[in-house]
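Q: I would like to learn how to read side-chain contacts in a protein model. Can we go through them one kind at a time?

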Amino acid sequence: MKTRRYFCVVAVALITLAGCVTTKQTDTARTGIEQLLLSTATDQALDKVDLTPIAHAKVFVDTQYLDCVDKNYVIVSLHQRLLNQDCKLVEKREDAEVVVEVGAGSLGTDHTEWFVGVPEIPLAMPSPISIPKLSVFTRTRAMGTAKICVVAMDVKTHQAVINSGYALARSDLKDWNVLGVNSAQTGTVPQAIKSATGENETINLPSNIARKPALTR
């Protein structure tokens, strides 16, 4: 009997100790989705810039007019496209045949929410209580917008080789939710993640909801 009691006490102690173990979790200051929205929009904008007129040239990239968040990614992404055109990147303006200037008119994120239901209703003062929002259907959309301008000039003639104006692009992630149960994510960012990793955590919406034309906008 004493032996059984001893084992029971030990078992309870072990369970208690196991229950006290915790794992600390931390997140980065900026979410991965936010950064993907911006980098995807940047790539889409730069893809619209035709760099073939300066293919095989010695290029100096002037970034003094580029002032935006994720500036380094914009620069490296532009370098990548120049290298794809067999350009040689040089560190000094005087060693270049072509000077490329890059600037950003916009590089940021926005968020919108649209829902069907009853909004939050505050009760009459002095009550601090509010009737909580009741959503039957919710669509949230996070967007990354990039407006990038690229200009290329011949070093000797000072004439424009590329002056096609600005390139504007937008990436997005839309989250559809019905009664907090069924949800689905669509947009350029989920597509890019699925294409790169094969990850697909989307839960399809009911077919009668998915067929509504308003949801495809």
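What follows is a dialogue on ring pairs, a charge over a ring, a surface patch and salt bridges in this predicted model.

Q: How many aromatic pairs are there?
A: Rings count as a pair if their centres lie within 6.5 Å. By this rule there are two aromatic pairs. In one of them, Trp114 and Phe137 have ring centres 5.8 Å apart and planes at 70°, so the pair is edge-to-face. Trp114 is in strand β3 (residues 98-118) and Phe137 in strand β6 (residues 134-154), so this pair links distant parts of the chain, 23 residues apart.

Q: Which kind of pair do Phe137 and Trp176 make?
A: Planes over 60 degrees apart count as edge-to-face, and those under 30 as stacked. The ring planes of Phe137 and Trp176 are at 35° and their centres 6.2 Å apart, so this pair is tilted. Trp176 belongs to strand β8 (residues 166-178) and Phe137 to strand β6, so the contact ties together parts that are 39 residues apart in sequence. Through ring pairs, Trp114, Phe137 and Trp176 form a cluster.

Q: Are Phe137 and Trp176 buried or exposed?
A: Buried means under 20% relative accessible area. Phe137, at 10%, is buried, and Trp176, at 4%, is buried too. Trp114 is partly exposed, with 47% relative accessibility.

Q: Where does the charged end of Lys147 sit?
A: A lysine is judged by the position of its NZ atom relative to the ring. Here the charged end of Lys147 is over the ring of Tyr166, 4.3 Å from the ring centre.

Q: Which residues form the nonpolar patch on the surface?
A: Nonpolar side chains are joined into a patch when they lie within 5 Å. The patch consists of Val118, Ile121, Leu123, Ile129, Ile131 and Leu134, with about 520 Å² of accessible area together. Leu123, in the loop between β4 (121-122) and β5 (130-131), is partly exposed at 37% relative accessibility.

Q: How many salt bridges does the structure hold?
A: The test is a nitrogen-to-oxygen distance within 4 Å. The structure holds seven salt bridges. Among them, Arg30 meets Glu34, with the closest N and O atoms 3.2 Å apart, and Arg30 also meets Asp70 at 2.9 Å. Arg30, Glu34 and Asp70 are thus linked in a network.

Q: What does the salt bridge of Asp47 and Arg81 tie together?
A: The N to O distance for Asp47 and Arg81 is 2.9 Å. Asp47 is in helix α2 and Arg81 in helix α3, so the bridge ties together parts that are 34 residues apart in sequence. Asp47 is exposed at 54%, whereas Arg81 is buried at 13%.

Definitions and conventions. Residues are numbered from 1 along each chain as its sequence is written. This is a predicted model: local features need pLDDT of at least 70, side-chain atom pairs count only at pLDDT 80 or more; totals for chains, interfaces and linings use all residues. Side-chain values use heavy atoms; hydrogens and water are left out. Rings of Phe, Tyr and Trp (its six-membered ring) pair if their centres lie within 6.5 Å; planes under 30 degrees apart count as stacked, over 60 as edge-to-face and the rest as tilted. Helices (H or I, at least four residues) and strands (E, at least two) are DSSP runs, numbered from the N terminus. Buried means under 20% relative accessible area, exposed over 50%, partly exposed in between (1.4 Å probe, protein chains only). A charge sits over a ring if NZ of Lys or CZ of Arg is within 6 Å of the ring centre and within 35 degrees of the ring normal. Patches are made of residues with over 30% relative accessible area and no salt bridge: like charges are joined within 9 Å, nonpolar side chains (Val, Leu, Ile, Met, Phe, Trp, Tyr) within 5 Å. Accessible areas come from the Shrake-Rupley method with a 1.4 Å probe; for residues, only the protein chains shown count as cover. A salt bridge is a side-chain nitrogen of Lys or Arg within 4 Å of a carboxyl oxygen of Asp or Glu.
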